[in-house]
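These are my notes from going through the model shown below. I kept them in the order in which I looked things up.

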Amino acid sequence: MAYEPNIGKQITYFEPPDIFILKLHGGVTWEEGSEINRRHREWGKTLDRVFLLIDLAELDRIDPEVRKDATSTLAEIPLRGMVGFSAPIKAKVIAKLIFTALNLFSNKADRIPLHFTDTEAEARAWIEERRRELDAGAAKAATGAAHGN
Amino acid sequence: MTAERVFAVGGWSDVAITRHQARRMAREHGVEPRRAGEVAIVVSELASNIVKYGVRGEIALHVAAGSGGGLALTVVASDVGPPIHDVAVAMLDGHDDRGPIDPALLAQRGGLGTGLGAVARLADGLEVRQESGGKQIIATFFRGLPGAA
Amino acid sequence: MATDADGGIAIQETRLTRLIEALSYASIEDYDSCLNLLRNLGTADEFAELETAFTIFIEELAEAKRQLRDALAETEVANRELAAKLATIEMQQAAIRDLSTPIIEVWAGVLCLPVVGIVDSQRSAEMTETLLETIIAKQARTAIVDITGIDVMDTKTADHFIKMAKAVRLLGADCIISGINPGIAQTLTHIGVDLTGIRTLRSLRDALQVHLRETEQLHPGRRAEGES
């Protein structure tokens, strides 16, 4: 999993145990986007769950072909949540559009939560909450107790 | 109703193309077939001379309304080659610009030594302009053209 | 924006109007005006997110259309260049057809020289040289020169043409000229040429037929295959 984190203007790397870090800058081109997606697909194969932590402060646009490729990529990995931070309104809208498209292709029960925070610390705290929820759910399932949601 | 076309003349295929286009252009302007054929012969003789003696040059075909009201067609053959030593002698059939051509050498030279003579016979006007850089031969047609008196 | 009890939301009419106006601009391809309206957002609420989504798509639409127009312009230029090249090829093809005069051996010992296009002194000289050489090389006994397509020649060129026919005779071969049209006939009369020994026929077909018939008469049963 050791890759040089920089892909063009973008940065992505894996943070154990289960986070894909993404820092987006300017316009994400097809060359950059397809490589990011390719790595995410590869990393996702070996993991049980993945969270996406995205620094959206500098994002300006994502090319349509990249958005499409991202939707199919995210569907292939065991994504359990995505959180974006420091997002200006346009970056927030772009992320929401991709994510909504992704969720449209899955069942209601499998809906992946999307969240936005102001700071990275808040974003990480949210991921920690999701982890606890999932661990608790798995534990309850293991002990056979019913878990209403 | 004015029209002009210019053809570069460097080799024998240019001669063939130019005489064809000259006939076509004359026909397009209503010149009847035999006269158009004479225009083509004049163009062909002048273009051949460019290739044989003029190094390289061009043939300009110009169609306009003549002073008498009918059509006037002008052929201007310009080249960058050496000047005609004696125009009057060159016009004589079987002569080049220095004097009579030895019949034995005629085959080597190509042609019949009658090119300029043909131009004089078929065109209505003929003018030779010589400068240090090259020469221009101007043949004009108005007899047998549409609208001629 | 406030959500009321039924889950509906209240939007200021001005904001809706502005959005519709922006989209109207887009509908008539005035993307600049459209984006100007869309980009001046007040509150960053959910409706603003909707407006922003439109901005993203209108920007991409404008860009795509620009690229399309550029590509079309390039194609048009390429097409014009192609058309010019095709015109050149067409001109060359027409010219090539008469650039060299092919001599066809229609059957053993019989040569046919079809002349097309424009005959100037240069062509006449070349034609003569080639024909006489070929008569010798093929030991031809008949040369048929067809000038059906030729409607005019300079007097000296025509004169040389007849001299070519006479040279053919001097080589011991028959010379038939077919396809002399009124214009050429006039020219030949005008120069007072003597056509003794040179046969003239109306068309190439006539010339071939006559030759065939005469060969048949001379050598019945044998179709002019040649002496060997």
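Which residue takes a positive phi in the hairpin of S2(B) and S3(B)? I found Gly69(B), with a phi near 105°. The hairpin has 5 residues between its strands. I note here that the model is predicted.

**Strands of chain B**

I then followed the two strands of that hairpin. Strand S2(B) covers residues 57-65 and pairs with S3(B) in the antiparallel sense, over 9 bridges. To fix the register I looked up one pair, and found Glu58(B) opposite Ser78(B) of S3(B).

S3(B) has a second partner to record. Strand S5(B), residues 135-141, is antiparallel to S3(B), and I count 7 bridges for this pairing. Here the register can be read from Thr74(B), whose bridge partner in S5(B) is Thr140(B).

Is S3(B) mostly covered or mostly open? S3(B) spans residues 71-79, and 8 of its 9 residues are buried, so I entered the strand as mostly covered.

**Helices H1 and H2 of chain B**

Next I looked at H1(B), residues 12-28, against H2(B), residues 33-53. Their axes lie 8 Å apart and the packing angle is about 155°. Angles over 145 degrees count as roughly antiparallel, and H1(B) and H2(B) are therefore entered as roughly antiparallel to each other. I noted the hand of the crossing as right-handed.

For the contact itself I listed the residues on each helix. The H1(B) side includes Trp12(B), Val15(B), Arg19(B), Ala22(B) and Arg23(B). On H2(B) the partners include Ala36(B), Gly37(B), Ala40(B), Val43(B) and Ala47(B). Sorted by class, this contact of H1(B) with H2(B) has 10 nonpolar, 4 polar and 4 charged residues.

**Chain A against chain C**

I turned to the contact between these two chains. Chain A gives 8 residues and chain C gives 7 residues. Which element supplies the largest share of the chain A side? It is helix H3 of chain A, residues 89-104, with 7 residues. By class, the side of chain A that touches chain C has 5 nonpolar and 3 charged residues, and no polar ones.

**Chain C as a whole**

Last, I took stock of chain C. I recorded 7 helices and 5 strands. Read from the N terminus, their order is α-α-α-β-β-α-β-α-β-α-β-α. The chain has 228 residues, of which 25% count as buried. I also looked at sequence separation: of the contacts in chain C between residues at least 6 apart in sequence, 70% join residues at least 24 apart.

Terms used. Residues are numbered from 1 along each chain as its sequence is written. Chains are lettered from A and ligands numbered from 1 in the order in which they are written. This is a predicted model: local features need pLDDT of at least 70, side-chain atom pairs count only at pLDDT 80 or more; totals for chains, interfaces and linings use all residues. Helices (H or I, at least four residues) and strands (E, at least two) are DSSP runs, numbered from the N terminus. Ala, Val, Leu, Ile, Met, Phe, Trp, Tyr, Cys and Pro count as nonpolar, Asp, Glu, Lys and Arg as charged, and the others, Gly among them, as polar. Axes are lines fitted to C-alpha atoms, for helices over the stretch in contact, and angles run from 0 to 180 degrees between N-to-C directions. Angles under 35 degrees count as roughly parallel, over 145 as roughly antiparallel, 65 to 115 as roughly perpendicular and the rest as oblique. A crossing is left-handed if the near helix is turned anticlockwise from the far one by less than a right angle, and right-handed if clockwise. A residue is buried if 20 or more other C-beta atoms lie within 10 Å of its own, exposed if 12 or fewer, and partly exposed in between; C-beta atoms are placed from the backbone. Two strands pair if DSSP finds at least two bridges between them.
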